[in-house]
Amino acid sequence: MNARDITVWLDERWYDALSNQLKKKDTTVEDALNAYLDALIDQLPEQVRDRISHEIWEEDQRQCAEEQASRHLSVFRVTQDGRTEHLLAEGGASMDAYHTALRLRGYLLAKGDSSQRFAQAIPAADYIAPEVFQDYADELRQGGGRMIAALDIDLDRGEFSTLDVVDGWETYAIRDVSTAAWCASREDGLKWDRRRELFAAHLETRMIRCEGQEMGQPNGPSM
C-alpha cells in the first residue's frame, strides 16, 4: 500500500498548550489531527471514497496472500517409544525429506544414553494437533506452494515415510534413509539440489510400500 507521510511543524509552546487542553478530553494532538483528516475524507464524494477504500482493501488482500505464499512449512509425525507427536516447522526451520534424514542420522549416531526424543531434535518446531497435521498434508497433496514436506517417522517400526504429491505416502526403512543421506552428503562441494537428487536416487529402488490415497495413517493409528 502506498502511503504519504505528512509532517506538521508547530511551535513547541502551541503543542504543549494543545496537549494540556486535549488531555482533559483523554486524547492527544496526534489523535485530534487524525480525526480531522478522517473528517476531511468523509467530505469527499461517496463514489471517490468507495473507490479508494476498495483499492486499499484489494492491496491489503494481495499483500496478505503474498505473505502467506512466501511462508515455507513442513510438518512431522514422529512416533517413538509408543508415543506419537505432531510438529510444524516454518521459515528457515522447515525441512524437506533430505534435510530431515540428515537430522535423523545425526540423532541416531549421537543418541547413546541421551533421553532426548527425536521430536525434540527438530529445530524450531511447534507441536500441533493431529488434525492440523492432516490439514497441512492435504494442502501439500493439493499443490499448496508453501508446503515443503509432510513426513511420518516411526522409530519404533524403523520406518520413514514422505508424502508425494502424486503417489501418496512412500515408506522406506530408516536404515536405508540414513544410508542415502550419508551417500548424498559425503562428497564436498555439491549443491543442495544435487545432494537431494542423489538422496532420491539412492532410495528409488528401496521403497517398502506406497500408500496411495491413504493419507491419514501411513504407519498405523496415531497415539
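Me: In which loop does Asp26 lie?
Reply: Happy to start there, with the note that this is a predicted model. Asp26 has a phi near 60°, a positive value in a residue other than glycine. Asp26 is exposed, with a relative accessible area of 74%. Its place is the loop between helix H1 (12-23) and helix H2 (29-42).

Me: How many helices and strands does the protein have?
Reply: Let's set the scene with the whole chain. The protein has 223 residues, and buried residues make up 33% of them. Of the contacts with a separation of 6 or more, 61% are between residues 24 or more positions apart. The secondary structure comes to eight helices and seven strands.

Me: Which strands are at the edges of the sheet?
Reply: Strands of a sheet pair through backbone hydrogen bonds, either parallel or antiparallel. Here seven strands form an open sheet with mixed pairing, in the order S3-S2-S1-S4-S5-S6-S7. An edge strand pairs on one side only, and that holds for strand S3 (126-127) and S7.

Me: Is strand S1 enclosed or open to the outside?
Reply: Good one to check face by face. On one side of S1, Leu73, Val75, Arg77 and Thr79 are buried, and on the other Ser74, Phe76, Val78 and Gln80 are buried too. That makes eight of the eight residues of S1 buried, so this strand is largely enclosed by the rest of the structure.

Me: How many bridges join S1 to S2?
Reply: S1 and S2 form a hairpin with two residues between them, and Asp81 in the turn has a positive phi of about 55°. Along the pair, Val78 stands opposite Glu85 in S2. The two strands run antiparallel, and the number of bridges joining them is eight.

Me: Which residue in S4 does Phe76 stand opposite?
Reply: Phe76 is one of the buried residues of S1. S1 and S4 run parallel and are joined by seven bridges. In this pairing, the residue opposite Phe76 is Leu151.

Me: Which residues have the most contacts inside the largest nonpolar core?
Reply: In soluble globular proteins, nonpolar side chains tend to be buried together. The largest such core here has 28 residues, and those with the most contacts inside it are Phe76, Phe118, Ile122, Phe160 and Phe199.

Me: Which elements each supply at least two residues of this core?
Reply: Ile122 gives a glimpse of how the chain comes together: beyond its neighbours within four places in sequence, it is in contact with Phe76, Val78, Leu87 and Met95. A second, separate core of 12 residues includes Val75, Leu140, Met147 and Ala150. For the largest core, the elements that each supply at least two residues are strand S1 (73-80), strand S2 (83-90), H4, helix H5 (118-121), S4, H7 and H8.

Me: Why do the buried residues of H8 sit on the same side of the helix?
Reply: An α-helix has 3.6 residues a turn, so residues three or four places apart point the same way. In H8, the buried residues are Arg195, Phe199, His202 and Leu203. They sit on the same side of H8 because they cover an arc of only 95° around the axis.

Me: What covers the buried residues of H8?
Reply: First, a look at the helix itself: the 12 residues of H8 (residues 192-203) should span 16 Å at 1.5 Å a residue, and its end C-alpha atoms are 17 Å apart, which agrees. The cover over its buried residues includes helix H4 (97-110), strand S6 (168-173), helix H7 (174-185) and strand S7 (207-210).

Me: At about what angle to S6 does H7 run?
Reply: S6 pairs with strand S5 (residues 159-164) in the antiparallel sense over six bridges. Within that pair, Asp164 stands opposite Gly168 in S6. H7 lies across strand S4 (147-154), S5 and S6, and its angle to S6 is about 85°.

Me: Is Asp126 buried, partly exposed or exposed?
Reply: Asp126 lies in strand S3. Beyond its neighbours within four places in sequence, Asp126 is in contact with His86, Leu87 and Leu88. Partly exposed is the class between 20% and 50% relative accessible area. At 47% relative accessibility, Asp126 counts as partly exposed.

Conventions
Residues numbered from 1 in each chain as written. Predicted model: local features only at pLDDT ≥ 70, side-chain atom pairs only at ≥ 80, totals over all residues. Heavy atoms only, no water. Helix = DSSP H or I, 4+ residues; strand = E, 2+ residues; numbered from the N terminus. Expected span 1.5 Å × (residues − 1). Buried < 20%, exposed > 50% of the residue type's maximum accessible area, 1.4 Å probe, protein only. Arc of directions from axis to C-beta. Contact = heavy atoms within 4.5 Å. Pairing = 2+ DSSP bridges. Axes fitted to C-alpha atoms, helices over the stretch in contact; angles between N-to-C directions. Core = buried A, V, L, I, M, F, W, Y, C linked by side-chain atoms within 4.5 Å.
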